[in-house]
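Here is a short tour for a reader new to this protein. Look over the whole chain before reading on.

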Amino acid sequence: MKRIILFLVTNMAVMLVLNITMNLLGVGRYLTANGIDPVALLVFAAVLGFTGSFISLLMSKWMAKSSTGARVIDPQRPGNQREAWLVNTVHQLADRAGIGRPEVAIYEGAPNAFATGAFRNDSLVAVSTGLLSSMTEEEVAAVLGHEVSHIANGDMVTLTLIQGVVNTFVIFLSRLVGYFIDRAVLKNERGVGMGYYASVFICEILFGVLASIIVAWFSRQREFRADAGAARLMGAREPMIRALARLGGVEAGELPKSFAASGIAGGGLGALFASHPPIEQRIEALRRQSA
């Protein structure tokens, strides 16, 4: 909750500074003179930018279970010894991290694992059958520690809020450019014309690409932090290093795009858009730190 409040306050502060800057530069007066309320546009952009992100976050556990076919293990009646070990390991790691015990699930697929959920004390950790069969118990435990660290760090909420902030500015700036081109360049003085709609469409694509780079950069940083968190929870770096090395030698399973960044491994179209750093960089970062 503190993280949500902090980011909302930060976003409001950024909006306020942007509004003041527009007025100092005369942009606000220009927009007002042309029948455009910049404050209303900012509020509209913020509501639209955050709504989708927060709805996705609130539905994240249900979406993850539905899209992967993950089966939640009943902690009171695990199906076998492996399931009992998984639940106990996740619960022990959660207790060490000081968070509520997550639901634990297994899904069919190539090696991967993920954590999701809107709240630190009501989350989900899921591992694939491929990961369980390709790693030792110590390596699986390190992966589970990585996912528990994501929850403890509030990474799902933070990523959602950052996505909401960049969405807000993509929507706002696209429409600002659209109004400028429609009124100042094309000299349209009645309502909005095709110039506005075409400009908004093009700018949303261009600004959206830039926003994706920002979100991907943060996603990569949180992977380094989660790796370090796993080392702390395990009490040593070596299990996480071995787990990462193992992942580097297999074809990681793909997760649905809506939460692909939540997986232990992932990719992207080029380094700037990758949700996860290269395995080699993650291993080197762990080796440089003290466990």
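Helices here are DSSP runs of at least four residues, numbered from the N terminus. One such run is helix H7, residues 137–153, and Glu147 sits in it. The model is predicted.

## The chain as a whole

The protein chain holds 11 helices and 4 strands. It has 291 residues, and 47% of them count as buried.

Contacts with a separation of 6 or more were also sorted by distance along the chain. Residues 24 or more positions apart account for 70% of these contacts.

## Glu147 and the listed active site

An unreviewed UniProt entry lists Glu147 under "active site". Such annotations may be inferred rather than shown by experiment.

Is Glu147 buried or exposed? Its relative accessibility is 0%, so Glu147 counts as buried. The cut-off for buried is under 20%. The side chain of Glu147 also has a partner in the backbone: it reaches the nitrogen of Ala115 at 3.1 Å.

## The listed binding site

Which residues does UniProt list for "binding site"? The unreviewed entry names His146, His150 and Glu223. They are spread over 78 residues of sequence, yet they cluster in space, with a largest C-alpha distance of 8.4 Å.

His150 lies in helix H7. Glu223 belongs to helix H9, which spans 194–234. Both are buried. His150 has a relative accessible area of 1%, so it falls in that class. Glu223 has 0%, and therefore counts as buried too. Beyond its neighbours within four places in sequence, His150 is in contact with Asp155, Met156, Arg222, Glu223 and Ala226. One of these, Glu223, is itself on the binding-site list.

## Asp155, a partner of His150

Asp155 is found in helix H8, which covers 155–185. Its relative accessible area is 1%, so Asp155 is buried.

What does Asp155 touch, leaving out residues up to four places away in sequence? The partners are His150, Arg222 and Arg225. Arg222 is also among the contacts of His150.

## The cavity

How many cavities of 30 Å³ or more are there? The count comes to 1. The largest cavity has a volume of about 40 Å³. Its lining is made by Gly117, Ala118, Phe119, Arg120, Ile151, Gly154, Asp155, Met156 and Val157. Strand E3 (113–119) and helix H8 are the elements that give two or more residues to this lining.

By type, the lining residues divide into 5 nonpolar, 2 polar and 2 charged. Asp155 and Met156 appear in this lining, and both are also in contact with His150.

## Helix H10 and what covers it

Helix H10 runs over residues 238–248. Which of its residues are buried? They are Pro239, Met240, Ile241, Ala243, Leu244 and Leu247. In an α-helix there are 3.6 residues a turn, so residues three or four places apart point the same way.

The cover over the buried residues of H10 includes H7, H9 and helix H11 (279–288). H7 is also the helix that holds Glu147.

## The loop between H10 and H11

Two residues from this loop are worth finding. Leu272 is found in the loop between H10 and H11. Its C-alpha atom is separated by 8.6 Å from that of Ile214, although the two residues are 58 apart along the chain. Setting aside residues up to four places away in sequence, Leu272 touches Ile213, Ala216 and Arg220.

His276 lies in the loop between H10 and H11 as well. It has a relative accessible area of 3%, which means that His276 is buried. Its side chain makes a polar contact with the side chain of Ser275, at 2.8 Å.

## Asn80, ahead of helix H5

Where does Asn80 lie? Its place is the loop between strand E1 (71–72) and helix H5 (81–97). Asn80 has 38% relative accessibility, so it counts as partly exposed. The side chain of Asn80 reaches the backbone nitrogen of Glu83 at 2.9 Å.

Technical notes. Residues numbered from 1 in each chain as written. Predicted model: local features only at pLDDT ≥ 70, side-chain atom pairs only at ≥ 80, totals over all residues. Heavy atoms only, no water. Buried < 20%, exposed > 50% of the residue type's maximum accessible area, 1.4 Å probe, protein only. Polar contact = N/O pair within 3.5 Å; in protein donor to acceptor, adjacent residues only side chain to side chain. Contact = heavy atoms within 4.5 Å. 1 Å grid on protein atoms, 1.4 Å probe; cavity = no way out; pocket = protein on both sides within 12 Å on 5 of 7 lines; lining within 4 Å. Points joined across faces, edges and corners; volume = space filled by probe spheres on them. Nonpolar A, V, L, I, M, F, W, Y, C, P; charged D, E, K, R; others polar.
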